[in-house]
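Colleague: Please place the sequence and the structure before us. I should then like to put some questions about the architecture.

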Amino acid sequence: MINDAQHGFLHGRSCVAQPLTTLHRIGQLLDNNIQTDVIFLDFAKAFDSVDHNILLMKLRMYGISGNLYDWFSSYLCGHTQRIVVQGVASEWSPVTSGVPKGNILGPMLFLLFNNDPTDAIPQATSTGLYADDAKLYRTIMSNEDSACQTALSCAGVWSVDSNITFNTSKCKIMTISRRRRPLIANYHLGSVGLKRVNSEVDLEITLTSNLCWNTHISRIVRKANIMLGLLRRTCPLLTVCNVRRTLYLSLGSIADVKSSPVDIRQRDQGFDIFL
């Protein structure tokens, strides 16, 4: 039922598997000197913007009916909220959007709501999804190639139909190529032109326009060094090597996320100095 492009909140898929799938394909194209344009999309307040009526309609489309559908309807609808500031309360207002947070059901409801944007996008354009993070990418063969813009426009139509908006200030374009003069096109979402970048952090991986990993490695090492500096300042009397290593690894686990052997080797060099 869940789209194959989706990797969020699913068993056997992760924030590692999604970029690996995408980057493997883009890397193959890069090795063949084929340019790829990547569009990074960002939903505005994604989990809070899920329209309950549209979500229930989609649940019906997926075959949920009868008592189970009634249960979902009761679970989502009929809630109210108000704001209290310094003892003064606003009027009660109905809650018509958003999925519940802090439980197992909320993420799954969001995935079902966000399960069909790929149906609106032409098949020639690939899609990568991780929960509310999305990207479109496609090969560019000429200056007249408008397929990527067509896919972006289709994504815009889907967002209008689903009553959820993109945060255009965070939607970006990156051209991945080793050519000296890559084919540059301007893209727009609705009436807003998207910003073009040479590097972008996507699911904690720093991507660059030539898929060089120096920027990503430097970022990981910088995080590790910040953590080492914190430990030096706060634990000057902690002299047991194994305890210091355990503390560093537990607090600095963010440095291991999606790290290459080069990342880990450079990080460990800093740790040896710390010891």
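The exchange below takes up the sheet, the cores, a hairpin and the domains.

Colleague: What should be known about numbering and the treatment of atoms?

Modeller: This is a predicted model, in which local features need pLDDT of at least 70 and side-chain atom pairs count only at pLDDT 80 or more, while totals for chains, interfaces and linings use all residues. Residues are numbered from 1 along each chain as its sequence is written, and side-chain values use heavy atoms, with hydrogens and water left out.

Colleague: In what order do the five strands of the open sheet lie?

Modeller: Strands (E, at least two residues) and helices (H or I, at least four) are DSSP runs numbered from the N terminus, and two strands pair if DSSP finds at least two bridges between them. The pairing in this sheet is mixed. Its edge strands, each paired on one side only, are E6 (126–130) and E11 (195–196). The order is E6-E7-E1-E8-E11.

Colleague: Which residue in E7 stands opposite Leu41?

Modeller: Strand E1 (residues 35–42) is antiparallel to strand E7 (residues 133–140), with eight bridges between them. Opposite Leu41 in E7 stands Ala134.

Colleague: What angle does the direction of helix H6 make with that of E7?

Modeller: Axes are lines fitted to C-alpha atoms, for helices over the stretch in contact (heavy atoms within 4.5 Å). Angles are taken between N-to-C directions and run from 0 to 180 degrees. Helix H1 (residues 17–31) lies across E1, E6, E7 and strand E8 (172–176), at about 15° to E7. Helix H6 (residues 147–161) packs on the sheet, touching E1 and E7, and its angle with E7 is about 155°.

Colleague: Which residues have the most contacts inside the largest nonpolar core?

Modeller: Such a core is a set of buried Ala, Val, Leu, Ile, Met, Phe, Trp, Tyr and Cys residues joined through side-chain atoms within 4.5 Å; buried means under 20% relative accessible area, exposed over 50%, and partly exposed in between (1.4 Å probe, protein chains only). The largest core has 40 residues, and E1, H2, helix H3 (66–76), helix H4 (105–113), E7 and H6 each supply at least two of its residues. Beyond its neighbours within four places in sequence, Leu55 contacts Val50, Leu76, Val99, Leu109 and Phe113. The residues with the most contacts inside the core are Ile39, Leu41, Leu55 and Leu59.

Colleague: Is Leu203 buried or exposed?

Modeller: Strands E12 (199–202) and E13 (205–208) flank the loop that holds Leu203. They form a hairpin with two residues between them, and Leu203 in the turn has a positive phi of about 55°. With a relative accessibility of 14%, Leu203 counts as buried.

Colleague: What is the relative accessible area of Lys45?

Modeller: Lys45 is found in the loop between E1 and helix H2 (52–61). Its phi is near 50°, a positive value in a residue other than glycine. Lys45 is exposed, at 67%.

Colleague: How much area do domain 1 and domain 2 bury between them?

Modeller: The domain assignment, whose bounds come from an automatic or database source, gives domain 1 (1–51 + 99–208) and domain 2 (212–263). Their contact takes 10 residues from domain 1 and seven residues from domain 2. In domain 1, Glu204, Thr206 and Thr208 lose the most area, together 62% of what that side buries. Buried area is the accessible area (1.4 Å probe) that two parts lose on being put together, summed over both, and here it is about 790 Å².
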